[in-house]
Amino acid sequence: MAKTKHDTAFVEFERVQKSYDGVNLVVKDLNLSMPQGEFLTMLGPSGSGKTTCLMMLAGFETATHGDIRLDGVSINNIPPHKRGIGMVFQNYALFPHMTVAENLAFPLEVRKIGKSEREEKVMRALGMVQMQDFAGRRPAQLSGGQQQRIALSRALVFEPELVLMDEPLGALDKQLRETLQFEITNLAHELGITTVYVTHDQTEALTMSDRVAVFDDGRIQQLAPPDKLYEEPENSFVAQFIGENNTLEGVVKEINNGVALVQLDGGDIIDAKPVNVTKPGERTRVSIRPERVEMDPTRLQEGAHTLKAEVLEFVYMGDIFRTRLRVAGTDEFIIKTRNAPDQVRLKPGEQIEIGWMAEDCRALDA
Ligand SMILES: Nc1ncnc2c1ncn2[C@@H]1O[C@H](COP(=O)(O)OP(=O)(O)OP(=O)(O)O)[C@@H](O)[C@H]1O
Ligand SMILES: [Mg+2]
């Protein structure tokens with residue numbers, strides 16, 4: 001695959017806005033810069049503007065404001081047949097009257113590639129997804145997963161530098177989805193393809209991506225590698241949207257040496273890391289992951305604040321235990337503990353003490 005060397009970003013959105021009706025902005029102020037070869041996922045709730053961004057990048061929709069550049073050139077100035085963008089959609093969109101091989105040859109014919117080269121490229125693309133033996137079948141004679149593999153190889157057959165995928169695995173069952181997630185990321189990395197992937201499945205986003213852009217309300221709320229997104233959410237939306245989280249509300253009492261003392265609405269005082277609170281008196285939502293809650297006070301640092309908790313429910317999940325607690329006025333506080341030989345199994349009605357390291361508890365916007 002031909003690769004151009006360049007210092008600029010390969011895909012760039014600069015202050016992009018989009019309105020379909022001239023009144024409401026569905027994309028509000030999008031800035032994004034991707035290096036060549038990156039696998040980036042747009043993740044967000046329904047209606048947050050993900051497909052719209054993909055359509056603008058493909059050139060099927062125009063931005064109302066701002067600029068989208070591909071390898072330094074504004075997408076508006078690149079004619080569609082020169083864009084070199086492969087696309088895969090949720091519902092396959094294979095041509096039903098054509099065989100698998102004809103489906104794959106189609107984008108090559110459009111690009112005026114001769115017959116023998118076409119046949120060679122088709123077989124190679126089918127080989128990438130282990131579907132060489134299915135070249136003569138029609139889409140209706142394939143399973144859902146096989147159809148999606150063909151859709152993927154059709155997007156790759158003309159060796160695009162950029163591939164856009166909009167929920168390509170949404171219609172498949174869990175096991176097949178996981179297999180294809182693995183195949184897609186491997187292929188993308190092996191071929192050095194730059195990929196923009198859209199999903200509203202957060203596990204899929206975390207496991208597949210180099211970076212994830214979390215969308216809400218037409219904006220990117222956070223753009224970060226998966227581990228950073230999970231461990232260091234920058235605001236309450238991201239903390240709630242990615243993974244399971246406990247949220248407690250209160251007011252900042254003081255901030256000292258990088259630790260905020262927060263008085264919860266029920267009166268208890270806890271320690272937290274000030275993330276987007278800056279001064280006493282501000283309201284905050286503190287956010288703590290279930291696996292970071294400690295129920296052995298001797299494992300906390302000296303002077304750490306603890307909370308009284310009542311066990312409401314204990315669920316055995318095999319590898320972990322998931323226990324629901326009543327804490328500081330909420331009945332939905334979850335802790336997760338590893339199923340280790342010495343791990344206690346709590347019983348409903350038990351009274352315990354819980355705490356955490358201040359850096360694991362993030363004081364975010366209210
Ligand atoms: N062609 C269109 N004309 C008018 N409004 C549209 C059009 N396409 C999308 N919208 C609106 O723009 C907003 C963003 O839609 P978009 O399809 O980008 O969301 P999405 O994040 O892809 O959602 P989903 O996860 O449901 O696919 C929605 O409010 C939607 O109703
Ligand atoms: Mg969509």
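Which loop does Ile78 lie in? Let's begin there, everyone, with the model open in front of us. Ile78 sits in the loop between β5, residues 73-74, and β6, residues 85-88. Please keep in mind that this is a predicted model.

Is Ile78 buried or exposed? It falls in between: Ile78 counts as partly exposed, because it has 16 other C-beta atoms within 10 Å, and a residue needs 20 or more to be called buried. Leaving aside neighbours within four places in sequence, Ile78 is in contact with Leu70, Val73 and Arg83. Now try finding Gln181 on your screen. Ile78 and Gln181 are 103 residues apart along the chain, and their C-alpha atoms are separated by 31 Å.

Let's zoom out for a moment. The chain has 8 helices and 19 strands. Its C-alpha trace spans about 75 × 45 × 40 Å along the principal axes. There are 366 residues in the chain, and buried residues make up 36% of them. Here is a figure about the fold as a whole: take the contacts between residues at least 6 apart in sequence, and 65% of them join residues at least 24 apart.

Next, the ligand. Which residues surround ligand 1? Reading along the sequence, we find Tyr20 and Val26, then Gly44, then the run Ser46, Gly47, Ser48, Gly49, Lys50, Thr51 and Thr52, and finally His200. By class, that shell divides into 2 nonpolar, 8 polar and 1 charged residues. Helix α1 gives the largest share of the shell, with 3 residues.

So let's look at α1 itself. This helix covers residues 50-58, and its buried residues are Lys50, Thr52, Cys53, Leu54, Met56 and Leu57. Notice that Lys50 and Thr52 are on this buried list and also belong to the shell around ligand 1. Just after α1 comes Gly59, which has a positive phi, near 90°.

Now for some helix packing, with α2 in the middle of the story. How do α2 and α4 pack? Helix α2 is residues 100-110 and helix α4 is residues 144-156; their axes are 8 Å apart and the angle is about 25°. Angles under 35 degrees count as roughly parallel, and therefore α2 and α4 are roughly parallel to each other. The crossing of α2 past α4 is right-handed. On the α2 side, the contact is made by Val100, Asn103, Leu104 and Pro107, and on the α4 side by Ile150, Ser153 and Arg154. Sorted by class, that contact has 4 nonpolar, 2 polar and 1 charged residues.

Here is a handy bit of background: an α-helix has 3.6 residues a turn, so residues three or four places apart point the same way. Keep that in mind as you look at the spacing of the contact residues.

The other partner of α2 is helix α3, residues 115-128. The axes of α2 and α3 come within 9 Å and cross at roughly 120°. That makes α2 oblique to α3. Here too, α2 passes α3 in a right-handed crossing. From α2 we have Ala101, Leu104, Ala105 and Leu108, which meet Arg118, Lys121, Val122, Ala125 and Leu126 in α3. This contact has 7 nonpolar and 2 charged residues, with no polar ones. Leu104 appears in the contact with α4 and in the contact with α3.

That brings us to Val157, in the loop between α4 and β7, residues 162-166. Why does Val157 count as buried? Because 25 other C-beta atoms lie within 10 Å of Val157, and the cut-off is 20 or more. Not counting residues up to four places away in sequence, Val157 touches Leu104, Pro107, Leu108, Lys121, Val122 and Ala125. Val157 and Gly86 are 71 residues apart along the chain, yet their C-alpha atoms are separated by 8.6 Å.

Last stop: backbone angles. Most residues other than glycine have a negative phi. Gln130 is not a glycine, but its phi is positive, about 50°. Gln130 is in the loop between α3 and α4, and it counts as exposed because it has 12 C-beta neighbours inside 10 Å. Ala328 also has a positive phi, near 45°. You'll find Ala328 in the loop between β16, residues 320-327, and β17, residues 330-338. With 19 other C-beta atoms within 10 Å, Ala328 is partly exposed.

Thanks for listening, and do have a look around the model yourselves!

Key:
Residues are numbered from 1 along each chain as its sequence is written. Chains are lettered from A and ligands numbered from 1 in the order in which they are written. This is a predicted model: local features need pLDDT of at least 70, side-chain atom pairs count only at pLDDT 80 or more; totals for chains, interfaces and linings use all residues. Axes are lines fitted to C-alpha atoms, for helices over the stretch in contact, and angles run from 0 to 180 degrees between N-to-C directions. Helices (H or I, at least four residues) and strands (E, at least two) are DSSP runs, numbered from the N terminus. Angles under 35 degrees count as roughly parallel, over 145 as roughly antiparallel, 65 to 115 as roughly perpendicular and the rest as oblique. A crossing is left-handed if the near helix is turned anticlockwise from the far one by less than a right angle, and right-handed if clockwise. Two residues are in contact if their C-beta atoms, placed from the backbone, lie within 7 Å. Ala, Val, Leu, Ile, Met, Phe, Trp, Tyr, Cys and Pro count as nonpolar, Asp, Glu, Lys and Arg as charged, and the others, Gly among them, as polar. A residue is near a molecule or strand if its C-beta atom, placed from the backbone, lies within 6 Å of it.
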